[in-house]
Amino acid sequence: MTDQPPKITLYTYFRSSSAARLRIALGLKSLPYTSIPVNLLQGEQLSPTNRARNPSGTVPTLVVEHPISQAAPVTIVQSLAALEYLEEITPNSSHALLPPRSDPESRAVVRTLAEIIACDVQPVTNLKILKRVTPLGFDRETWSKELIEDGFRAYETIVARTAGTFSVGDRITMADVCLLPAVWGAQRSGVELREFPTIWRIAERLEMEDVVKKAHWRTQVDTPEEFRVGSS
């Protein structure tokens, strides 16, 4: 590693929970980045321009350019892979998203929790899936609420045993970075978070962090005025 930070660009959407994971992680690691919004409601994610950088036609896309390297920029189109990459390219002095390698059990728990959110909850409640289930007669709100609750029950069962201040011990990990944006989505879907007391406690504590406030969906450059913090 050199002392010169990489140039980072994040293609994002203010309400994307996957993009929010990266915004929080970049803040924790004190990595400056340029945010470029992609409007999902207007279908910009499906444009030829976005598909050229992200063949899945989604957000987020993380692009990392290393100043002294002659190699092509690194483009990562899956948030968990991007979180792991950020962990690997940052020095030991950076905020660690995983417990130390000397504790493989805790590292496995963190990854398990992150994947409950990223694999079990988020994919089946995102806009792409909601658009497909609606013509089949499913109510979007009920669909999302029930699937989020299923995932949160699994998460709660594990963190009831592993939590300290945060999901695994007393430091913010990749699990928390994935959890909090899911909590924001759960609130919009009408989930009663107090039914998951450990998740609720962790989320309340995370909301106190400055990096979280900066990464919040209500404070982004593309957040509509009516949703911004302080709006009536």
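Which residues does the UniProt annotation "domain: GST N-terminal" cover? According to that record, an unreviewed entry, the annotation runs over residues 6-94. Keep in mind that we're looking at a predicted model here. Over residues 6-94 the chain comes out as 33% helix and 20% strand, and the C-alpha atoms at the two ends sit 14 Å apart.

**Two backbone oddities**

Two spots in the backbone deserve a look. One is the peptide bond from Val59 to Pro60, which is cis, with omega near 5°. Pro60 belongs to the loop between helix 2 (48-53) and strand 3 (61-65).

The other is Ser30, which has a positive phi of about 55° although it isn't a glycine. Ser30 is also in a loop, the one between helix 1 and strand 2 (34-37). Is Ser30 buried or exposed? Its relative accessibility is 63%, so Ser30 counts as exposed, given that the cut-off for exposed is over 50%.

**Open and enclosed spaces**

Now for the holes. Here are the spaces with their volumes and the make-up of their linings:

| Space | Volume | Lining residues by class |
|---|---|---|
| Largest pocket | about 1,400 Å³ | 21 nonpolar, 16 polar, 7 charged |
| Second largest pocket | about 340 Å³ | 5 nonpolar, 4 polar, 7 charged |
| Largest cavity | about 40 Å³ | 5 nonpolar, 3 polar, 3 charged |

Let's start with the largest pocket, at about 1,400 Å³. It is lined by 44 residues, and those closest to its centre are Leu40, Gln122, Thr125, Asn126 and Leu127. Which helix gives the most to this lining? That's helix 4, with 6 residues. Helix 4 spans 104-125, and it is joined by helix 1, helix 3 (79-89), helix 5 (127-133), helix 6 (140-162) and helix 7, each of which supplies at least two residues of the lining. In domain terms, domain 1 (9-89) and domain 2 (104-215) each put at least three residues into the lining of the largest pocket.

The second largest pocket holds about 340 Å³ of space. Its lining has 16 residues, with Glu87, Asn92, Ala96, Arg101 and Arg107 lying nearest the centre. Helix 3 and helix 4 are the elements that give two or more residues to this lining, and the largest share, 3 residues, comes from helix 3.

**The cavity between the domains**

How many cavities of 30 Å³ or more does the structure hold? Just 1, with a volume of about 40 Å³. Its walls are made up of Phe14, Arg15, Ser16, Ser17, Ala20, Arg23, Pro181, Trp184, Gly185, Arg188 and Trp217. Helix 1 (17-28) and helix 7 (174-188) each contribute at least two of the lining residues, and helix 7 has the largest share, with 4.

Why does this cavity lie between domain 1 and domain 2? Because domain 1 (9-89) and domain 2 (104-215) both give residues to its lining.

Helix 1 and helix 7 turn up again and again: both help to line the largest cavity, and both are on the list of helices that line the largest pocket. Helix 3 and helix 4 have a double role too, with residues in the lining of the largest pocket and in that of the second largest pocket.

Definitions and conventions. Residues are numbered from 1 along each chain as its sequence is written. This is a predicted model: local features need pLDDT of at least 70, side-chain atom pairs count only at pLDDT 80 or more; totals for chains, interfaces and linings use all residues. Side-chain values use heavy atoms; hydrogens and water are left out. On a 1 Å grid over the protein atoms alone, a cavity is a set of points where a 1.4 Å probe fits but cannot get out, and a pocket is an open set with protein on both sides within 12 Å along at least five of seven lines; lining residues have an atom within 4 Å of a point. Grid points are joined across faces, edges and corners, and a volume is the space filled by probe spheres set on the points. Ala, Val, Leu, Ile, Met, Phe, Trp, Tyr, Cys and Pro count as nonpolar, Asp, Glu, Lys and Arg as charged, and the others, Gly among them, as polar. Domain bounds come from an automatic or database domain assignment. Buried means under 20% relative accessible area, exposed over 50%, partly exposed in between (1.4 Å probe, protein chains only). UniProt positions are given in the numbering used here, feature names are shortened, and annotations may be inferred rather than shown by experiment.
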